[in-house]
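Q: I am a first-year student, and I would like a close look at a single part of this protein, taken slowly and with its surroundings explained.

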Amino acid sequence: MLPEIPSRAFQPLIYEGGPGRFHLPLIYDLVAWRRPQRALVLGFSGAQMHFAICQALREQKISGSCLTIRRRLPNESAADDTAWQKAKEINAEFFLAEGKLVEGEAALAAESSDGAVDFLLIDDCDCVAKFRRN
């Protein structure tokens with residue numbers, strides 16, 4: 001017999017489309033089944049994954065948290081990244097208790113006292129820009 005599928009009734013609170021949209025129910029289910037105390041998302045590509053994890057933590061009554069780390073890119077400031085700023089505003093409004101968005105790899109050491117991570121998602125890719133041609 002198959003296990004209960006928590007995402008059967010899942011409706012993302014934050015939805016922006018894009019290729020990541022296909023993975024949102026899977027991420028929701030994995031969080032519901034694994035029940036992580038500490039989720040870590042390395043990379044930022046619109047924050048849909050971050051918000052799906054936070055939503056699963058809340059709806060499944062898991063007393064965990066999600067930390068998403070945006071890499072510092074050369075010649076790009078977080079203050080100028082409108083998607084990053086919008087995600088921080090949404091997080092503060094809807095998921096303040098469950099999630100946190102920080103910038104820079106050093107943030108991982110600063111935010112994690114014991115270094116324990118129960119759920120890791122790598123949501124970052126530099127190779128996409130190399131293949132885009134006009």
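Is helix 2 mostly covered or mostly uncovered, and how many of its twelve residues are buried?

A: The model is a predicted one, and in it helix 2 is mostly covered, with ten of its twelve residues buried. To see what that involves, it helps to begin with the whole chain and then to move inward.

The protein has five helices and four strands, and from the N terminus on these elements follow one another in the pattern α-β-α-β-α-β-α-β-α. Of its 134 residues, 40% count as buried. Among the contacts with a separation of 6 or more, 78% are accounted for by residues 24 or more positions apart.

The four strands form an open sheet in the order 3-2-1-4, and the pairing is parallel. Strand 3 (99-103) and strand 4 (119-122) are the edge strands, each of which pairs on one side only. On average, neighbouring strands of this sheet are turned by 15 degrees against each other, if direction is ignored. Strand 1, residues 38-42, pairs in the parallel sense with strand 2, residues 65-70, over five bridges, and strand 1 also pairs in the parallel sense with strand 4, over four bridges. Leucine 40 can serve as a landmark here, for it stands opposite leucine 67 in strand 2 and also opposite leucine 120 in strand 4. In strand 4 itself the side chains alternate, so to follow them along the strand is to switch from face to face: Phe119 and Leu121 point to one face and are buried, while Leu120 and Ile122 point to the other and are not.

Helix 2, residues 48-59, lies across strand 1, strand 2, strand 3 and strand 4, and it runs at about 170 degrees to strand 2. Its twelve residues reach 16 Å from the first C-alpha to the last, which is close to the 16 Å expected at 1.5 Å a residue. The buried residues of helix 2 are Gln48, Met49, His50, Phe51, Ala52, Ile53, Cys54, Gln55, Ala56 and Leu57. What covers these buried residues includes helix 1 (24-34), helix 3 (82-94) and strand 1, strand 2, strand 3 and strand 4.

One of these covering elements, helix 3, deserves a closer look. Two packed helices are described by the angle between their axes and the distance between the axes. For helix 2 and helix 3 the angle is about 5 degrees, and the axes are 11 Å apart. Angles under 35 degrees count as roughly parallel, and helix 2 and helix 3 are therefore roughly parallel to each other. In this contact, His50, Phe51, Cys54 and Arg58 in helix 2 meet Ala87, Ile90, Asn91 and Phe94 in helix 3. Sorted by class, the contact of helix 2 with helix 3 has five nonpolar, two polar and one charged residues. The spacing of such contact residues can be read with a general rule in mind: an α-helix has 3.6 residues a turn, so residues three or four places apart point the same way.

The chain just beyond the helix is also worth following. Most residues other than glycine have a negative phi, whereas lysine 61, just after helix 2, takes a positive phi of about 55 degrees. Lysine 61 has its place in the loop between helix 2 and strand 2, and at 70% relative accessibility it counts as exposed, because the cut-off for that class is over 50%.

Isoleucine 62 has its place in the loop between helix 2 and strand 2 as well, but it is buried, with a relative accessible area of 7%, which falls under the 20% limit. Leaving aside residues up to four places away in sequence, isoleucine 62 touches Val31, Ala32, Arg35, Pro36, Gln37, Ala56 and Leu57. The C-alpha atoms of isoleucine 62 and valine 31 are separated by 8.9 Å, although these two residues are 31 residues apart along the chain.

Arginine 35, one of the residues that isoleucine 62 touches, lies in the loop between helix 1 and strand 1. Its phi is near 50 degrees, a positive value in a residue other than glycine, and at 39% relative accessibility arginine 35 counts as partly exposed.

Terms used. Residues numbered from 1 in each chain as written. Predicted model: local features only at pLDDT ≥ 70, side-chain atom pairs only at ≥ 80, totals over all residues. Heavy atoms only, no water. Pairing = 2+ DSSP bridges. Helix = DSSP H or I, 4+ residues; strand = E, 2+ residues; numbered from the N terminus. Axes fitted to C-alpha atoms, helices over the stretch in contact; angles between N-to-C directions. Contact = heavy atoms within 4.5 Å. Expected span 1.5 Å × (residues − 1). Buried < 20%, exposed > 50% of the residue type's maximum accessible area, 1.4 Å probe, protein only. Parallel < 35°, antiparallel > 145°, perpendicular 65-115°, else oblique. Nonpolar A, V, L, I, M, F, W, Y, C, P; charged D, E, K, R; others polar.
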